[in-house]
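Let's take a walk through a protein model together. Have a look at the picture first, and then we'll pick a place to start.

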Amino acid sequence: MNKKIQFGLYTAAAGLALFAVALLGSGKNIFAQMSGGLGSSLEAIIKARELSPDDVEAALKTFVPPGSYDEYYMFASGGQAGNVEVFGVPSMRLMKNIPIFSEDSWQGYGIGDNETKKLFAQGKAAGMTQTWGDVHHPALSVTKGMYDGQFLFANDKANGRIGVVDLRDFHVKQIVKNPLIATNHCGAKLTENSEYYVEGSQFGTPLPYTKFVPLERYKEEYRGLVTFWPFNRAEGKLEQSKTFTIELPPYYQDLGGMGKQVSNGWVFINTYNAEMATPDDLKGKPPMEIAASQREMDYLHIINWKRAEELLAKGQLKYNRISGMRVVPIAEAVAKGILYQAAEPKSPHGSDVTPDGRFITVSGKLDPHVTIFSFDKIQKAIAAKNFEGKDEFGIPVLRFKDVVEAQVEVGLGPLHTEYDDKGYAYTSMFLDSSINKWSLDKPAGGEKPWTLLQSLPVHYNTGHLVVAGGDTIKPYGKYLVTLNKWSLDRALPVGPLHPQNLQLIDISGPTMKLLSDTPVVGEPHYAVMIKADKLKPWKAYPEVGYSALERKASATLTLPGKERVERNGKDVHVFMTAQRSHFTPDRIDLNQGERVHLHITNIERAEDATHGFALSSHNINLSIDPGATVDVDFTVDRSGVFPFYCSEFCSALHMEMMGYLTVKK
Amino acid sequence: MTSFASGSPAVEPSQRRFAATLGWAAAGLLAVSLFFPYWQARLMAPQYRQGLTATMYSYKVVGDVDEIDGLNHYIGMRKLGSLARLERIVAIPAVLLLALLCGFSFWRGTYALRVAAAGGTIFFPIAFVVDMAFWMRYATKHLDPMAPLKLKPFSIPVIGSGRVAQFHSELMPLLGFYLAVLAALMTLGAFWLSRVKTPRNDLSSRRTAAVALAIAIMSTVSYPASAANSLTDLVARAAPGAVIDLPAGRYDAPLIIDKPITLRGNGLAVINGHGQGTLIKIKSPGVDLEGLVLENSGDSLLFEDSAVRVEAASAVVRGCRMSDVLFGVFLVNAPGALVESNHMSGKTIDMGRRGDLVRSWNSDRITLRKNLLEGGRDTVLWFSTGSIVESNTVRDGRYGLHFMYTNNAVVRENIFQGNSVGLYVMYSKELRIEDNRFENHRGPSGAALGLKESDSIWVSHNFFLGNRQGIYIDGSPLIEENSNTFTKNSFVYNDIGISVLPGVKGNSFFSNAFVDNLQQVSLRGGGQLRGNAWSRAGQGNFWSDYAGYGAAGAAIGSLPYRQDSAWESLMDRQPLARFFLFTPAAQAVELAGRAFPLFRPKPVLTDEFPLLAPPAGLPSAPMAPIQAGMEFPIGLLFVSGLLLWIPRLRPRRAATALTPQANIPALEASNVSKSFAGQAVLSDLDVRIEPGRSVVLWGANGAGKSTFIRCLLGLHGYEGSIRIFGRDAQSDGESARAFVGYVAQEFAGYHWTVREAMEFMADLRGVARERIAPTLARCGLSGCEGKAVPQLSGGMKQKLALAQALLADPPLLVLDEPCSSLDPKSRAEFLHILQGLKGSRTILMTSHRVEEASALADLVLWLEAGRPARLLSREEFVREVSAGRPLWVELQERGLRPRALEALAKAGFSAKLNGHGIWVEAEPGRVSPMLEALSAAGISVRDLRREIAS
């Protein structure tokens, strides 16, 4: 302990040194910053709210003064709420809810209107209308690998569907249903010029899933797939008749990463349950979570879609037509060099291609490493045909060590990875509840490549994360939002169903800094963030009488002065206009048993002059945006007097904007 | 070796004899060099002003190794003791062997032996330097990237001075090394004298070579060269239940066992996989493998290449050695397996591509016992309820042990070392985790023990040392009622003792010891920790940074232990602050609230019943190592000492500041004793100083002056009591220190201006900035506000230190040798300022200069080793100390000494030459006239002091 005596020469001067270093190291005088530079009322606020210097900094960074705009839009999935939510970043203010697969009475979506009925009819699953969906992955349309701000896509995992939203009016234009599969998952991305929306299945089923095959024949007859949906940008529609599908083994396909730049033309899809376990726990089979986690590795599908497209065009690729879809069998895909696999660590999440397209980051949820596959090495290994073996379906498996560029030990429970503009990657860590930053091969700061740099705790159980522009070829960087699965104690308690928690993180500096928490409803699985100036949304429809769904003038538009009621037997067509602050006509007299067709045109040209049309006792509420024509038809099977009124506050005489629909027995 | 060449014609016998003598002399020097240090490294930094020293012998490093390791730990440098391990083990035998060789070869050895001796001896010092340079380079280039402090890889020159952060390094060779060099030169000489070859008909070297070759061959062929390679046949012929004793030999894998048999290898049957696939697959219940050597499996993760794959119940794998295998024992649907006393080592490939040395999936009630698992990836149990994992050692892997959905299990007496994480428990419940040791888990999350959504976990008597996080708790218990209990665990030297997510509730921590973790408990990411108990039945935990106090003999502190986020916030903003942790700088934490004036630190936890000493029976001594616990660090012994010692070391602070009251002594010490390592430095010091007096603390080096100062500043624990204006310096340290302004020997300032330094102190002490200008003026620093501190002269720096100390207008000014590094002019100026302060406050200054003492003191407190302290008046002191003692004066220019003698003689002083200065007979009162006389003669004085008896 004698050394301690010598040591004991430390003096109070060392105490001084501590603060000297603390202050000077930061290059600025915190006192001046905190006390000298602020007015006394601000000091009082800071004291009263017990804010730390970091809190104050975060508050300043996220505050958007009244009347100012946010810098980014963030589109976050609403999960099983079936919608996409639109936030402004950095304020994290919620600005819009875009209902896609689920009803929304605010926007009159699915509450009687004919457009939603048509959309929902397109999206029937196994013949049945679904009025909800499970949105996992929103995706933005891209041009040359960059967000163009035109369209938003979202998948419905529960029913194997895709919704297309036009970002001029934030309305859904199309819902398509893949007739082959029950569930999808990997539809997170589009190919580099939005040529295709890529949809991968999730749970294995017979193809089509509407055909019964007992689970005992799982390996033999159940399959997965990836469907390439061509996107017609002019129409704003996915074209089902031109799709092609590659059959895949009945592993559970997880996420897909689109090739970019050098790897454009390829797609990389994760799988799990390579065990091909099937459930039957009552008969003593191990539960699925046990059975599907036995093996060490799962498979990464490596698919050359460009080649498939070319061979199809030349008629050199054999396919079967199943439920109207062109399906290329596994054997054919293998024979034509379209389908390969690499082993990947168990239960992967994320298959995230770097902005330059050279690497694919895969995270095994139970592996503390992220595994970085090299596209170049994959190409070489394919060329050399030096395979580790084949899986049960004859798909060649590339040697793990031949195609892995690096493995970075990032911590526990890595899930998803996005990239910034400076050569860094950010991985969400489910088990560690943190966002971990690591370097790619050429980090701008000159750090060692493939090295963990920082771990920032987040709360709790982060799932996906999003970096602004994080899946483009040139990410914007600057902000990162982590989409946390649990919120526990992060917000005021609101009963047993807790909100989810989004956390905004500043990634512009050398270290990440947590800025704010935003509790949200629904389960935002994934989000995309785009610069605000990339979007050019309409403030009103371009012409009066516009059909949002058809994207052109409606056949039922009604111009002022042309309002009328037309009777054709039991069909009564009401051509109505809405304008501040009256409906014309405002009286509709009907007889029980007639079918009424309301065609309502909002003839306002003013911004934000939306009118609602709420009809009592008929489960009908419409939202008619300025310029829009909305149709609704129903049979009046009950007699009575039913007021209708404008449900969107529109003027000082809003309360007076009403009418009667009477039904005589 | 018995034959020698006596008849070599070309060498004179005398020459030969001289060579032999030289050889033996060199041998002696080499042997002696073992007793002397070879090299020394010194590190100097502001907070270690005496420096830290590491002295290297050929076989050990001594000095401030623990301290250096402690520092290096924060920048992620490896422990000194872990470097050049092999070299240090072989050093003594190698040097002795070399010495023998030297002596013998020049005496009676062959030419070849002489070549070897000369070559070896010359090579030795070179190799020492090269090896040392290599390891230094290695250590400084291989920093742990996850260390709390990030430094770029740096290099320190192996000789001469260098610089790392604020540390200055000096390296130089020492006597041992010179001895070795001398020995090398002597053997070179000896070789030259006996340089003629011995005749070739000498057989000894060839005979030696032949014997060596034979030994080598025998050692490599330790098994019969070809054994029956019919493993599959043997098994096929065996009846169920048979016991097969495999003859020693080499066998080829793969082997599939599909009936209940026992296969014994007695450690000599080697089954080799030749880098392909799995070696042994067990498909029948009741198979027993014992004493096999299993080598070289395939390396395909896809095909899960293993040493042993078990797909049936009740298998036994015991006493086997598995090396170079991807997976070791892979249990799939293999309930009741027993894996015992095996030694498994994985493939030396990247961690991410390795397999698990033990992996169990859906296999209940397995037992892992007394295995040594090294260099694999994970040891992982999936869905293996009711299992027992005990007395294993798992090191250098990734997950030392990983539980997934594995309930009702016991983890006991295992050692986990150097894995990425130690034991990670996920989605499991009802586990007992007892008596395990977790060391040095420093992966990215680096949790020694992690709990993820796991319930009813009992964690006791575990030892957590040097991990990134001792215990990491996330979502556990999932259901609050299923409380987890942590008791009697020791957390020592971890970056974080316990790391908790704020939503965690329902854990109970009591009777644990938290010793010098960088952060004892960390709340990850803000928020507040609620719903966990930090004590049970009036028993809290021991916290080494507890700043309260207890009544004599009490076990529980009288104030609660509170951890707040002040340090954390500080360290988050300025990680360099960690450098100062465990130094008295941490004292400054009590001022952190003032450093961030608007920031009220949020509480992290409160322990109402903090223990004043670690509870008895905590794990701290090494456990009996299983098979391979050989490298248990000496650090642990140190730590166990620390556990006992720390209660006394602990700084204590509390309560609030007050103003001094009249008629209370400024300083009152009674029965103050302080000893270090059994050596008393202060014994029974009693003194009482009234307010307003100026007291000089007088004594020779080592008399205890600085120790006393540090005691009253609360930097040392001590026995007895010191009260400053009535406040106890230990139990009420903070308010006691509020009365004190302190000036150290040297001012530790950084790159700021005088004004910034003053503003800093003003903010720190809560003083209006308006006071800065008058205080600077008072200390003679007017007009210096804009000057950079590093540019100030030594005297100016001390004035600045004084100004800082005076800023809060403290009633007690304490100065520790403030003038020791000043030139006489500056010293005089400084003393002049101090004289101006006399009477306005109490001054306590240490000094060993009579001039200073006599100029300033009303009273002198004379400390002498082995004698009670005496309080003398100034007159008594002067009389006693300077009677007949001359003044020793050193001039700026030595050449002026004759002129100085003349000038002094003229002024009536008796003076004579002495060494490079002059002696002057001058009573204390006449010092100034003496200096003036010299000054008038144009002679400037560099230094002067009075020779004193002490």
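Which residues have the most contacts inside the largest nonpolar core? Keep in mind that we're looking at a predicted model. The answer is Met74(A), Val481(A) and Met529(A), and the core they sit in has 246 residues.

Let's zoom in on Met74(A). Leaving aside residues up to four places away in sequence, Met74(A) touches Phe87(A), Val89(A), Val466(A), Val481(A), Ala527(A) and Met529(A). So two of the names from the core, Val481(A) and Met529(A), turn up again in the list of what Met74(A) touches. There's another core too, lying apart from the big one: it has 74 residues, including Leu667(B), Val695(B), Ala757(B) and Cys779(B).

Now, back to Met74(A) and Met529(A). Met74(A) stands opposite Met529(A), which belongs to strand β33(A). On the other side of that pairing is strand β1 of chain A, residues 72–77, joined to β33(A) by five bridges, with the two running antiparallel. In general, strands of a sheet pair through backbone hydrogen bonds, either parallel or antiparallel.

These two strands are part of an open sheet of four in chain A, in the order β3-β2-β1-β33, with antiparallel pairing. β3 (93–99) and β33 (527–531) of chain A are at the edges with a single partner strand each, so each has one side without a neighbour in the sheet. On average, neighbouring strands here are turned by 20° against each other, direction ignored.

Finally, step back to chain A as a whole. You'll find 12 helices and 45 strands in it, and 55% of its 665 residues are buried.

Terms used: Residues numbered from 1 in each chain as written. Chains lettered and ligands numbered in written order. Predicted model: local features only at pLDDT ≥ 70, side-chain atom pairs only at ≥ 80, totals over all residues. Pairing = 2+ DSSP bridges. Axes fitted to C-alpha atoms, helices over the stretch in contact; angles between N-to-C directions. Core = buried A, V, L, I, M, F, W, Y, C linked by C-beta atoms within 7 Å. Buried ≥ 20, exposed ≤ 12 C-beta atoms within 10 Å, placed from the backbone. Contact = placed C-beta atoms within 7 Å.
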